[in-house]
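Student: I would like to take a close look at a single part of this structure and then see how the rest of the chain is arranged around it. Could you walk me through it carefully, one step after another?

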Amino acid sequence: MKSIASAPGKIILFGEHFVVHGTKAILAAIDKRVTVTTTFTDNKTIKVNSELGTLEVPIQVDPQWQEVKSEFRPFVFLANRLMTNSDKVWDPGNFHFFNRCSGLEITIDSDIPIGVGLGSSSACCVAATASIFGLFKELSSEEILKISIEAEKTIFPDTSGADCTVCTYGGMIEYPSIEKIDNTFDLNLLIANSMIPHNTKNSVEKVNKFKENDEERFSQLCDLETKLIDEVITAMKNNDATTFGLKMSENQKYLEEIQISNDTLRDMISSLKEISLGTKITGAGDGGCIIALVKDENVNKVPALLGKDKECFSAKIDTKGVVWSKIEE
Ligand code: PMV
């Protein structure tokens with residue numbers, strides 16, 4: 001039997017970093033996915049296969065996932081959680097889990113670039129939760145979200161939970177309300193990858209330091225971000241792409257102020273200035289990706305403006321969120 005689940009990557013349109021400190025954010029799932037396939041094995045191990053390598057650890061009731069390399073931690077955490085049955089997905093009265101399942105093999109296939117703010121690790125946590133638990137039970141979206149956030153915390157304890165939320169539900173959402181936002185005008189969003197990997201935990205710690213050094217300004221920035229997001233929602237209701245773009249660039253100023261930008265990202269943003277309605281970092285910054293709202297007639301000009309060493313592609317919004325299926329063999 002195979003339990004297969006896939007989940008989309010994401011972009012943060014507005015509110016990254018500030019969302020960790022309680023403000024709203026707007027996120028969208030994108031048409032790039034990670035697929036996680038889980039099967040039972042006879043090996044008494046948890047085996048994880050991904051493009052980052054293979055990990056095989058003995059199956060035990062309390063595996064030390066903290067000692068595992070960070071990219072593999074959520075999988076070991078989830079396998080452990082399944083085995084200890086704290087979510088009651090299998091019935092200990094009728095059926096002894098350990099007799100049936102002497103091991104698990106978890107395989108990850110992804111077309112989401114890793115470590116550049118497009119939600120690769122959140123999509124992995126969401127798809128892995130649905131896939132691993134799906135060996136026994138189809139989880140509801142609420143259950144997937146709750147468990148996947150805990151899995152993500154094994155890598156990044158301070159996560160706002162916004163990324164896993166949009167990877168679970170898909171579409172464009174306001175966070176934390178999880179209200180879906182209708183895409184009234186046809187957003188032509190371009191994602192450009194600086195090809196500089198980033199570390200979300202380090203960037204979030206840097207912002208925490210900024211906050212500690214200047215509580216008053218940080219609180220003003222949080223208020224400005226909240227106001228900006230309300231204006232974006234109104235702009236979307238009014239089909240107003242120009243204001244949406246302007247708000248992206250305004251949001252970028254706040255991200256510059258909290259110092260998660262760098263020269264490469266600034267150069268990329270300025271090279272797209274003439275042809276975009278708005279451009280900003282998406283995600284933790286310090287590398288990773290920028291997004292640009294570009295008019296149709298200008299899309300072809302983007303690769304030449306960015307230069308050959310950068311990757312860029314159009315983002316279509318995914319509306320499906322997490323998808324699960326089981327194949328009996
Ligand atoms: O890891 P990234 O680049 O997708 O960014 C996460 C977004 C932050 O707001 C910086 C952190 C969070 O948990 O929301």
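**A close look at Ser 203 and its surroundings**

Tutor: Ser 203 has its place in helix H6, which covers residues 200-213, and you should keep in mind from the start that this is a predicted model. With a relative accessible area of 1%, Ser 203 is buried, because buried means under 20% relative accessible area. Leaving aside residues up to four places away in sequence, Ser 203 touches His 17, Ile 260, Ala 284, Gly 285 and Asp 286.

One of those partners, Asp 286, leads us on to another residue, since Asp 286 is also touched by Gln 259. Gln 259 is found in the loop between H8 and helix H9, the latter being residues 263-271. Besides Asp 286, Gln 259 touches Lys 206 and Phe 210, again not counting residues up to four places away in sequence. Although Gln 259 is not a glycine, its phi is positive, at about 65°. The C-alpha atom of Gln 259 is separated by 13 Å from that of Thr 200, and these two residues are 59 residues apart along the chain.

From here we can turn to helix H7, which consists of 23 residues, 215-237. At 1.5 Å a residue, H7 should span 33 Å, and its end C-alpha atoms are 34 Å apart, which agrees. Buried residues in H7 include Phe 218, Leu 221, Cys 222 and Glu 225, and further along H7 they include Leu 228, Ile 229, Val 232, Ile 233, Ala 235 and Met 236. H6, the helix where we began, is among the elements that cover the buried residues of H7, and this cover also includes strand E1 (2-14), strand E2 (25-41), strand E6 (172-175) and helix H8 (241-257). H7 is followed by Asn 239, whose phi is positive, near 60°.

Helix H8 gives us a residue to set beside this picture, for Phe 244 lies in H8 and, at 0% relative accessibility, counts as buried. Among the residues that Phe 244 touches are Val 232, Ala 235 and Met 236, which are buried residues of H7. Other contacts of Phe 244 are with Leu 13, Phe 14, Phe 185, Leu 187 and Leu 293, where residues up to four places away in sequence are not counted.

Strands E1, E2 and E6 come up again when we look at helix H5, residues 162-169, because 7 of its 8 residues are buried, so H5 is largely enclosed by the rest of the structure. The buried residues of H5 are Ala 162, Asp 163, Cys 164, Thr 165, Val 166, Cys 167 and Thr 168. Their cover includes E1, E2 and E6, together with helix H3 (120-133) and helix H4 (141-152). Just after H5, Gly 170 takes a positive phi of about 70°.

After strand E6 there is a loop that deserves some attention, namely the one between E6 and strand E7 (179-180), where Pro 176 is found. The peptide bond from Tyr 175 to Pro 176 is cis, with omega near 10°. Ile 178 also has its place in the loop between E6 and E7, and it has a positive phi of about 60° although it is not a glycine. At 29% relative accessibility, Ile 178 counts as partly exposed, whereas Phe 244 counts as buried. The C-alpha atoms of Ile 178 and Phe 244 are separated by 20 Å, while the two residues are 66 residues apart along the chain.

Finally, let us step back to the whole chain, whose secondary structure comes to 10 helices and 12 strands. The radius of gyration of the chain is 21 Å, close to the 20 Å that the globule rule gives for 329 residues, so the chain is as compact as a globular protein of that length. Along its principal axes, the C-alpha trace spans about 65 × 45 × 35 Å. Buried residues make up 55% of the 329 residues, and Ser 203 is one of the buried residues. Of the contacts with a separation of 6 or more, 74% are accounted for by residues 24 or more positions apart. The chain exposes about 14300 Å², and carbon and sulfur atoms supply 48% of this area. As for charge, the chain has 35 positive and 48 negative side chains, and the centres of these two sets lie 1 Å apart.

Conventions:
Residues numbered from 1 in each chain as written. Predicted model: local features only at pLDDT ≥ 70, side-chain atom pairs only at ≥ 80, totals over all residues. Heavy atoms only, no water. Helix = DSSP H or I, 4+ residues; strand = E, 2+ residues; numbered from the N terminus. Buried < 20%, exposed > 50% of the residue type's maximum accessible area, 1.4 Å probe, protein only. Contact = heavy atoms within 4.5 Å. Rg over C-alpha atoms; globule rule 2.2 N^0.38 Å. Areas by Shrake-Rupley, 256 points an atom, 1.4 Å probe, with all protein chains shown as cover. Lys, Arg positive; Asp, Glu negative; His and termini not counted. Charge placed at Lys NZ, Arg CZ, Asp CG, Glu CD. Expected span 1.5 Å × (residues − 1).
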